[in-house]
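Me: I have a model open and would like to go through it. Can you take my questions as they come?

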There are 2 protein chains.
Amino acid sequence: MKQISTRFSMAVHILCLLATSPADCTGDFIAQSVNTNPVIIRRIMGMLKKAGLVDVRPGVGGASLRKPPDQITLLDVYRAVRVVETDQLFRIHEHPNIQCPVGRNIEAVLQAELKAAQAAMEERLSQTTISRLIAQFQ
Amino acid sequence: MKQISTRFSMAVHILCLLATSPADCTGDFIAQSVNTNPVIIRRIMGMLKKAGLVDVRPGVGGASLRKPPDQITLLDVYRAVRVVETDQLFRIHEHPNIQCPVGRNIEAVLQAELKAAQAAMEERLSQTTISRLIAQFQ
DNA sequence: CACCGTTGTAACCATTATAGTTATATCTTC
DNA sequence: GAAGATATAACTATAATGGTTACAACGGTG
């Protein structure tokens, strides 16, 4: 069983840190909170930056949110770290035998259902914002 | 990006074959339709058998559904082939720093949201049956 | 009983994504 | 230029997948 990469949960962790910390967080500081190597953090920060979610200051150091935390949804993060490409959570076996009625139809018919299932999950992710998460911290 | 195994789509393919074929299908016949190695088919058949979805006749050969196709949902298949263990589609990074307010809370708070997202997807899968799929074949 | 085609599995391999690590280049301020 | 930070390339170990070969066990048929 292969699960969705921890890159996603780490990215959420990073954004929660940026949203709650008064000062700018450096990669090393974040790495300590996440408990991993700073390079991992910088890799993820690069993706968040590309997605327009954070600002990173090379040289001087530190990062900050580019949007208020109530305007960043889990779906935004999910997309930013590209754990899954669009409509590709499920993989379908390739080149079934098109001589067979099932082999000929299975891909198109299944594809539609699986996309719908993926969309249902993403819809749910889009309902949760970073600010909603940090409101639950104690 | 890691996707959900084709084991799932192959399993659906197999069940559609069993639902539409008049005669019993052998592993080799199914393998030809799926276009893969018979051992792959037998592996998946073993999982479907354990889940009570199919009957397989060793020795004589062939398999058949144990339930009418309108009573087998995509969620049943998804569970049967165990592409993802219960509530574990998403993985969360381990051992965050509990000295940090975010590190201390992130796991519990995120876990709840991710479970909800996964549940939304599974709910959608449970709405589609094998008979619904084959009704769309042409 | 022996044969034959089938299922059931174990063992192994190549491929791929991930998480982590080391090293080095680049940037900004002082 | 020094100091401290980010950016990134290259490499490793690990794990899941899909495929393959090989062989044991099963169950009818001649």
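What follows is a chat about the chains, their contact and the DNA strands.

Me: Before anything else, what kind of model is this?
Reply: It is a predicted model.

Me: OK. How many helices and strands does chain A have?
Reply: Chain A has six helices and two strands. In sequence order the pattern is α-α-α-β-β-α-α-α.

Me: What radius of gyration does chain A have, against a compact globule of 138 residues?
Reply: Chain A has 19 Å, while a compact globule of that length would have a radius near 14 Å. The C-alpha trace of chain A spans about 65 × 30 × 25 Å along its principal axes.

Me: Where does A:Ile134 lie?
Reply: A:Ile134 is part of helix α6 of chain A, residues 130-134. Apart from neighbours within four places in sequence, the contacts of A:Ile134 are A:Cys16, A:Ala19 and A:Thr20.

Me: And how far is A:Ile134 from A:Gly103?
Reply: Their C-alpha atoms are separated by 48 Å, and the two residues are 31 apart along the chain.

Me: Switching to the two chains together. How many residues does each put into the contact?
Reply: Chain A gives 57 residues and chain B gives 57 residues. Between them the chains bury about 4900 Å², with 66% of that on carbon and sulfur atoms.

Me: How many salt bridges are there between chain B and chain A?
Reply: There are two salt bridges between chain B and chain A. One of them joins the side chains of B:Glu113 and A:Arg124, at 3.3 Å from N to O. The chains also have 20 residue pairs in polar contact, counting pairs with both residues at pLDDT 80 or more.

Me: Which elements of chain B give two or more residues to that side?
Reply: They are α1 (6-20), α2 (27-34), α4 (74-80) and α5 (101-125) of chain B. The largest share comes from α5(B), with 17 residues. By residue type, the side of chain B that touches chain A has 30 nonpolar, 19 polar and eight charged residues.

Me: What about salt bridges over all chains?
Reply: A search of the whole structure finds seven. A:Asp55 and A:Arg66 form a salt bridge through their side chains, at 4.0 Å from N to O. That pair links distant parts of the chain, with A:Asp55 in strand β1 (residues 54-56) and A:Arg66 in the loop between β2 (63-65) and α4 (74-80), 11 residues apart.

Me: On to the DNA. Which residues come nearest to strand C?
Reply: There are 27 residues around DNA strand C, and those that come nearest are A:Ser5, A:Thr6, A:Thr36, A:Arg43 and B:Lys49.

Me: Which part of strand C is within 4 Å of the protein, backbone or bases?
Reply: Of the strand C atoms within 4 Å of the protein, 59% belong to sugar or phosphate, and the rest belong to bases.

Me: What sits by the phosphate oxygens of strand C?
Reply: The side chain of A:Arg7 has an N or O atom 3.4 Å from a phosphate oxygen of DNA strand C. A polar backbone atom of B:Gly27 is 2.9 Å from a phosphate oxygen of the strand. For B:Gly62, a backbone N or O atom lies 3.3 Å from a phosphate oxygen of the strand. The elements giving two or more residues to the surface near strand C are α1 (6-20) and α3 (38-50) of chain A, together with α3 (38-50) of chain B.

Me: Which element gives the most there?
Reply: α3(B) does, with four residues. The surface near DNA strand C divides into nine nonpolar, 10 polar and eight charged residues.

Me: Now strand D. Which residues come nearest?
Reply: Of the 27 residues around DNA strand D, those are A:Gly27, A:Lys49, B:Ser5, B:Thr6 and B:Gly59. Sugar and phosphate make up 59% of the strand D atoms that come within 4 Å of the protein.

Me: What are some of the polar atom distances to strand D?
Reply: A polar side-chain atom of A:Lys49 is 2.5 Å from a phosphate oxygen of DNA strand D. For B:Thr6, a polar side-chain atom is 2.4 Å from a phosphate oxygen of DNA strand D. A polar backbone atom of A:Gly59 is 2.9 Å from a base nitrogen of DNA strand D.

Me: Where does the largest share of the surface near strand D come from?
Reply: It comes from α3(A), with four residues. The residues near DNA strand D divide into nine nonpolar, 10 polar and eight charged.

Conventions: Residues numbered from 1 in each chain as written. Chains lettered and ligands numbered in written order. Predicted model: local features only at pLDDT ≥ 70, side-chain atom pairs only at ≥ 80, totals over all residues. Heavy atoms only, no water. Near = heavy atom within 4 Å. Polar contact = N/O pair within 3.5 Å; in protein donor to acceptor, adjacent residues only side chain to side chain. Nonpolar A, V, L, I, M, F, W, Y, C, P; charged D, E, K, R; others polar. Contact = heavy atoms within 4.5 Å. Buried area = accessible area lost by both parts, 1.4 Å probe. Rg over C-alpha atoms; globule rule 2.2 N^0.38 Å.
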